[in-house]
Each structure stands twice: as structure tokens, then as C-alpha cells.
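Reader: I am new to reading protein models. Please go through this one with me, one question at a time.

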Amino acid sequence: MKKFGFLVLLFVFGLVFPGYSHAATDTKIILDGKEIVQPSDTKAEIINSKVMVPIRVVSENLGYSVEWKQQTQTVTISKDNTAMQMIVGQKTATVNGSNVNLDAPPLVKNGTTLVPLRFIGEEMGLKVGWNNTTKTVTLVTQNSGSGNGTTTPPNSGNNGGGSDQEGLVLVNGISFSDNRFMIATSGSTKPNVFTMTGPDRIVIDLPNTAFADSFSEGQALDSNQNGQLVVSGYPDVSKIRYSLYSNSPSTIRFVIDLSSSKGYSVQNDSGLVMINLDNQSGTPAPPVGNNGKKVVVIDAGHGDQDPGAIGVTGKREKDFNLAMALKVEALLKKESKIDVVLTRSDDTFLALKERVKIAQDIKADIFISIHANSGPAAANGVETFYTRSNSKALATVMHKYLLQSSGLKDRGVKTASLHVTRETTMPAVLLEGGFLSNKSDEAALFTESFQNSVAKGIVAGIKEYLGIQ
């Protein structure tokens, strides 16, 4: 299980175990324009390709109290009416007395708990930035009025200095799903899209744009502002390259490398540019959701470097989530009154806010995130989570069908402050298909019969909720 509100920020930080590479430098943390003084023996650092920051330093500077009990190896973080506890080496924590299952135990180094940078912004309500060149973390509170940490300046080339970022639209993330290449931005932009040959490729130039700091958390981005997204399972596309193509004006270029010439259409809404490769005529296709159909977003949790929970036999949650999402997608594509969009259709990584943004930008009718759980070996069964009151009816319907189709124990419908169910505005739920930490559940989750049954159940729940016969 992943992303249980603010608490996840304290515990989930990838595969951080002894023997993995560590890159510790004089990493700085800038909060609202002022540098935070860090312990000399435990500073922010890069661990297993993830930026990790000391939670005590960040929490106390934001008004949270942190208490450490050496005898029980327990850390308590509290503010106002919220109290959270974690125990070193254990995957179960408590939030206001309720148990929460974690993907990984907390990491303590020299008496300080380290947590991943990307959850700071998502779960503490901060704007987060990471400058890989200077190894600087920037944190900006919502009411600070500071502009720090919101953009990564374009490469200055031989000019020896940065560029003025005011007025630039930020590219927050990208994904490729259902033969659609989606670019999430902070505002409106006018893409210039054209084709080139030798080899065949589609080029998308976004003028007056810059990479957001958060972009490098989800996609590779080197010091020269270049990177690529490897695409698998789509014979027409081998990879998608991207770079800061020009400094004047600041322009980001995306190149879709094709196996042969292929038609496409472009959909450009505020905050989302979509290149649809299933449109062979080259003429604009009807935008998703503008054709009278209901729009359903299916979110396969985790992906790529983020495996999610690890089962008792080593199976990975991200693989179960993706397999389920693809089966649900295949069934929904047969429904004439439904448009389905996946947040990811292969083993790629998207930050939580990127998943939310996809659903928000296409004005989805419902959002369903698929996960598998983890906890004590005896824990088993299915459960459904929602956050906002307008999601309760969807959660009730979806859980009914999840329970029937899985045949597993009923753990009920619950509320939790999860980023993807909290920050979306449409009805949104997170489904837990069973416990990978339970030998019986794990064995069932990776069978074709279980996955096919649950996929049919999810589709049946979607249709009932949307009133589609």
C-alpha cells in the first residue's frame, strides 16, 4: 500500500537498503528563500537515485514537533490534531491511532530519519524544487510569496548565466499510454507539431516553456537538460526524446521516434498537450470527453524505480497494478459510452501530482487507482479508500464488486488522506486488491483467473456508478 496522506512522506523512500549506492555531497535545503541549518553528520543526500532529506529538520522548521524514544525506536510527529508514529524497521505505522501499512520501514542515519524530497511537496503542501547541478533542495510554503523552487532555469550555454523565468510555462511531466503522448504543463502553450523523415519522427516544440523542478523526479534529465522516455509494447514508437532545444525563446522539444510514418492528431487544452497516434488521417480527433462519452481514468500505482510493495515470494506490486489496469482498459474499450485513459500503460514512473493532473486536465468523470496491499503476514483481504465526500458513493459501489469478484476477505470501505483521492476533484477511489505480504493473497493476485475476474468486477462497478447499461 502506498500514499497514505502525509504519513507516506515519512516512510516511503524507495528501495533504501544497505549495499545500494549513496551519493552524499554538501546538499543545501532552502525553505522560503532561507537556508536551513542541517546536522553536520546527517544532511540531505542522494540515496539510490532519490533525494532524501532529514525529516526532523524540515518538520521543526514547519512547526511540527518530533519526539524520539530510543527504547522503543519510535518517532512521533505531531501538529494540531494530528499525531503520527513510526517504529524503525517496521512496516506498520499509526495515524491518530489507526494502523497504516507501509511499503518500507523508516531509515535512520546517525539518529536522524531521512525521507524522500518528492513527498515533501505532495504531502506537506509545499512547492518543491531540486537543482541537480548545485545539489540544492528548495521548499516554498503556499503563503510565502516566494518564487523559489518552481522552475529549473534553462541551460545558459556559453552565456555564463541563467535566464529570466517569469512568464514561462512549466513542463511538469510526460506519459505515454494508449498510443497517446501526454505533456502536462502549468498553463497554456501553443505547440508547434511537425514530422521529419530519415528516420521518421514527430517533433513537438513548446515555445516559452521550461522544465519544472518536479520533472526530473519523474523522468531522467541530465545537466544539459536532455533525456528520453523509453516506450515498450507499442511497435510504432521506440522512444521519446526531449531537451531544452532553445534558450531564446526558451523552448522544449519532444521527438517521438517512429518505426514508420504515422498519422496523428493534436489536442491542446490548458495544462495538457496530447498527441494521439491512433488518428491515421492526420486530422484532429474529437478530444477525450468532448464526444458525449464518460471519461474514466485508470491509475496503475507505482512503476519503474518505484516497485511498491514486495510480496512474500518477491513479486512486485507495480506489476500487479499494471496488469490489472491493462485488463480493465481492454474491457472498457468495448464500452461504446466510455472513454478510458491510463495514467501509465507500461513500466514507467509518474509522480502523484502528475497522475492527478492527467485526470484534472481531461475533466475525467471518475478516477480509479489500483494497488495491492502490504502488512503483517496474517493480514488479508480487500479494501477501498476514498477521501472526499463526493467519492463515497463511488467507493461503496466499487467495493461491492471488488469484494464479489475477488472472493477475498472484506476489510471494508475506509477514508484516508491519499494524494490521488484527495487532490482530484472528480469522484476518486483507491482499490486494494489483496495483501502481497500474505502468502495466500499473493498467490491469488498473480493468477489470470483472479485478475480477469476482478477486472470484470471493476468494469461492472464503473458501469453501475455511471448508470451505463
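Author: A contact means that heavy atoms lie within 4.5 Å. This is a predicted model, in which local features need pLDDT of at least 70 and side-chain atom pairs count only at pLDDT 80 or more, while totals for chains, interfaces and linings use all residues. Residues are numbered from 1 along each chain as its sequence is written, and side-chain values use heavy atoms, with hydrogens and water left out.

Reader: Among contacts between residues at least 6 apart in sequence, what percentage join residues at least 24 apart?

Author: The count takes in contacts in the chain between residues at least 6 apart in sequence. Of these, the share that joins residues at least 24 apart is 66%.

Reader: How many helices and strands does the chain have?

Author: Helices (H or I, at least four residues) and strands (E, at least two) are DSSP runs, numbered from the N terminus. By that rule the chain has ten helices and 30 strands.

Reader: What percentage of the residues is buried?

Author: Buried means under 20% relative accessible area, exposed means over 50%, and partly exposed is in between (1.4 Å probe, protein chains only). The chain has 469 residues. Buried residues make up 57% of them.

Reader: Which strands are the edge strands of the open sheet with the order β19-β15-β16-β24-β23?

Author: Two strands pair if DSSP finds at least two bridges between them. Five strands form this open sheet, and the pairing is mixed. An edge strand pairs on one side only, and here the edge strands are β19 (209-211) and β23 (265-269).

Reader: Which residue in β19 is the bridge partner of valine 171?

Author: Strand β15 covers residues 169-177. Three bridges join β15 to β19, and the two run parallel. In β19, the bridge partner of valine 171 is phenylalanine 211.

Reader: At what angle does helix α6 run to β15?

Author: Axes are lines fitted to C-alpha atoms, for helices over the stretch in contact, and angles run from 0 to 180 degrees between N-to-C directions. Helix α6 (residues 352-361) lies across β15, β16 (180-185), β23 and β24 (272-276). The angle between α6 and β15 is about 85 degrees.

Reader: How many salt bridges are there?

Author: A salt bridge is a side-chain nitrogen of Lys or Arg within 4 Å of a carboxyl oxygen of Asp or Glu. By this rule the count is 15.

Reader: Which residue forms a salt bridge with arginine 355?

Author: The closest N and O atoms of this pair are 2.6 Å apart, and the partner of arginine 355 is aspartate 299. Arginine 355 lies in helix α6 and aspartate 299 in strand β25 (residues 294-300), so the pair ties together parts 56 residues apart in sequence. Arginine 355 is buried, with a relative accessible area of 1%. Also buried, with a relative accessible area of 1%, is aspartate 299.

Reader: Is glutamate 383, which meets lysine 414 in a salt bridge, buried or exposed?

Author: The N to O distance in this salt bridge is 2.7 Å. Lysine 414 lies in strand β29 (residues 410-415) and glutamate 383 in strand β28 (residues 382-386), so the pair ties together parts 31 residues apart in sequence. Lysine 414 is partly exposed, with a relative accessible area of 30%. At 3% relative accessibility, glutamate 383 counts as buried.

Reader: Which helices do lysine 400 and glutamate 464 lie in?

Author: The side chains of lysine 400 and glutamate 464 meet in a salt bridge (3.0 Å, N to O). At 35% relative accessibility, lysine 400 counts as partly exposed, and glutamate 464 counts as partly exposed at 36%. The pair ties together parts 64 residues apart in sequence, because lysine 400 lies in helix α7 (residues 392-406) and glutamate 464 in helix α10 (residues 448-466).
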